[in-house]
Amino acid sequence: MVPGAADGSYPYAFGEDDREIKGASVAGDAARLDPGGTYRGTLPDGATLLYRLDLDATTNAYVSATAAPRPGARVASADGLRVSVQDADGHLCSTGTVHFGPTRSAHPVAAWAGRETGEGGSYLCRGAGTYYALVERRGAAGMSGASSSSGDWDLELDYVTEPGPRGTGDTAPGTWNSAAPEPLSGDPVRRVGGAGFAAARALEQGVWEDDVRPGQTRFYKVPVDWGQQLYATAELADGTGDGGGDGGGFVGTALTMSLYNPVRGRVDDAETGYGGERSTTSLRPLPPVAYENRYASEDRVGAMRFAGWYYLAVHLATPVADRFGDGPFGLTLRIRVSGTARSGPVYMGRSAPGGVFEVTAGTRREAVAGTGGGPGDGSGGGGGPGSGAMKLVAAGGLGTGSLLVLWLGLWTLLSRRRRPRRTG
């Protein structure tokens, strides 16, 4: 049985390369985050944790924190997570907050903040020097340290840097196509989502099917290039009738689909209720990916500022089990990526990690193949894209090669023994 599944919750799948880190309560003890690094730690109730960032005067820096309450945790709708970036004098550069919302169901949630050097950033945060990322739990009435769950939450930090560009505008794009197209139709192809960002299953445009249990979160990722728009719809199938629930009533917020950008920054959410019959929810239309989106006043538009992998996290609320059983419930995703890819900004340097703001031929091959992800049980690290399959292929190739060499050697020896001896 999957750990935690018995009480309607599931563990989070951390990345295999995550480094252990401990947050500090005072700035002088804060551990340094390395650009491009991912980290694993814990977030105690009532704590505000600090981490150090050493920045130059031209690089944009983004820190995302994913909080994952442990199996069995109870949360309220107002409970959540806040991430902030401050300079050494305590001036706020930016902040982001996320809540568990009306599902009242413990699941991974991520918030982000950053230091930007351009016109969209704080004037006080444009210089080189020491900065700090702050991560704190939020509770009722927005109070720090007042969450309903007293236990530690698992925490994953992602730190990405973006070099300055050459010759971009400093105003948000004007009009864009905000009409939602018809959802894609056709026979779905099965792809099982992962249990964390690092284990997200790659998808391209198409119709995909999976299943999900109450308390479970499935992660997927879709490549979206500069100039392209992403549309996503999630459908929850009819109840399974497995007898695990009373089979009646209605769960007001049952299915939540959250979209995150390439730095794991929240873009938008979509949600729907469930009464035992097929239910559907879709993301609101989003603008084409553009560097200048960061200057928009609307947060969800501003978050569409990078090309790269966009992540979908689909969560089925734990109260669904009380009404309709433990499932699994059929899940269908309809993904559309419209628009012609175009050239992006010319960066004056490299991002960390490298290539995070690119959609390459390799990225598209990964989406076609549907690598990454896994059983989604959160029992291990995410691995690299297709890591499990590649390990099997490598092991199989090594064994076959060794047997072939052995057989060729034996064949040569036997042929020499059968050959008539020649005298001088």
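**Stop 1: strand β15**

Start by selecting residues 217–224, which make up strand β15; eight of its eight residues are buried, so the strand is largely enclosed by the rest of the structure. Keep in mind as you go that you are looking at a predicted model.

Now show the side chains of the strand. In a regular strand, side chains alternate between the two faces of the sheet. On one side of β15 you will find Thr217, Phe219, Lys221 and Pro223, and on the other Arg218, Tyr220, Val222 and Val224; both faces are covered.

Which strands pair with β15? Add residues 201–202 to your selection: this is strand β13, which runs parallel to β15 and is joined to it by two bridges. To see one of these contacts, pick Arg201, whose bridge partner in β15 is Tyr220. Next add residues 308–316, strand β20, which pairs with β15 in the antiparallel sense over eight bridges. Here a good pair to pick out is Val222 and its bridge partner in β20, Tyr310.

**Stop 2: from Lys221 to helix α3**

Stay with β15 for a moment and select Lys221 together with Glu366. These two form a salt bridge, and their closest N and O atoms are 3.0 Å apart. Follow the chain from one to the other: Glu366 sits in helix α3 and Lys221 in strand β15, 145 residues apart, so to speak of this pair is to speak of a link between distant parts of the chain. Are the two partners buried or exposed? Both Glu366 and Lys221 are buried.

**Stop 3: other salt bridges**

Side chains of opposite charge can pair when their charged atoms come close. Across the whole structure, a search finds 23 salt bridges. Select Asp154 and Arg70 for another one, with an N to O distance of 3.1 Å. Asp154 belongs to strand β10 (residues 153–162), while Arg70 lies in the loop between β5 (60–69) and β6 (80–87), so this pair ties together parts that are 84 residues apart in sequence. The two ends differ in their surroundings: Asp154 is buried at a relative accessible area of 16%, whereas Arg70 is partly exposed at 33%.

Then move to Arg138 and Glu136, a salt bridge whose closest N and O atoms are 3.2 Å apart. Both of these residues are buried.

**Stop 4: an aromatic cluster**

Select Tyr12, Phe14, Phe197, Phe219, Tyr260 and Tyr311, which form one aromatic cluster. You have met one member already: Phe219 is in β15. The search of the whole structure finds 13 aromatic pairs. In one of them, Tyr12 and Phe14 have ring centres 5.1 Å apart and planes at 85°, so the pair is edge-to-face. Turn the view until you can see one ring's edge pointing at the other. Tyr12 is buried, with a relative accessible area of 7%, and Phe14 is buried too, at 5%.

What lies over the face of Phe14? Add Arg40, which is 4.0 Å from the ring centre. For a similar arrangement elsewhere, select Arg115 and Tyr131: the charged end of Arg115 sits over the ring of Tyr131, 5.1 Å from its centre.

**Stop 5: Val251**

Next, find Val251 in strand β17, which covers residues 251–260. Val251 is buried, with a relative accessible area of 8%. Which residues surround it? Leaving aside neighbours within four places in sequence, Val251 is in contact with Gly273, Tyr274, Pro319, Val320, Arg323 and Phe324. Draw a line from the C-alpha atom of Val251 to that of Tyr274: the two are separated by 5.3 Å, although they are 23 residues apart along the chain.

**Stop 6: Ser351 in its loop**

For the last stop, select Ser351, in the loop between β22 (346–347) and α3 (361–369). Although it belongs to a loop, Ser351 is buried, with a relative accessible area of 15%. Zoom in on its side chain: a polar atom there lies 2.8 Å from the backbone oxygen of Pro353. The side chain of Ser351 also reaches the backbone nitrogen of Gly355, at 3.4 Å. To complete the picture, show Thr161, Pro163, Val356 and Phe357, which Ser351 touches when residues up to four places away in sequence are not counted.

Conventions
Residues are numbered from 1 along each chain as its sequence is written. This is a predicted model: local features need pLDDT of at least 70, side-chain atom pairs count only at pLDDT 80 or more; totals for chains, interfaces and linings use all residues. Side-chain values use heavy atoms; hydrogens and water are left out. Helices (H or I, at least four residues) and strands (E, at least two) are DSSP runs, numbered from the N terminus. Buried means under 20% relative accessible area, exposed over 50%, partly exposed in between (1.4 Å probe, protein chains only). A polar contact is a pair of N or O atoms within 3.5 Å; within protein, one must be able to donate a hydrogen and the other to accept it, and residues adjacent in sequence count only if both atoms are side-chain atoms. Contact means heavy atoms within 4.5 Å. Two strands pair if DSSP finds at least two bridges between them. Rings of Phe, Tyr and Trp (its six-membered ring) pair if their centres lie within 6.5 Å; planes under 30 degrees apart count as stacked, over 60 as edge-to-face and the rest as tilted. A charge sits over a ring if NZ of Lys or CZ of Arg is within 6 Å of the ring centre and within 35 degrees of the ring normal. A salt bridge is a side-chain nitrogen of Lys or Arg within 4 Å of a carboxyl oxygen of Asp or Glu.
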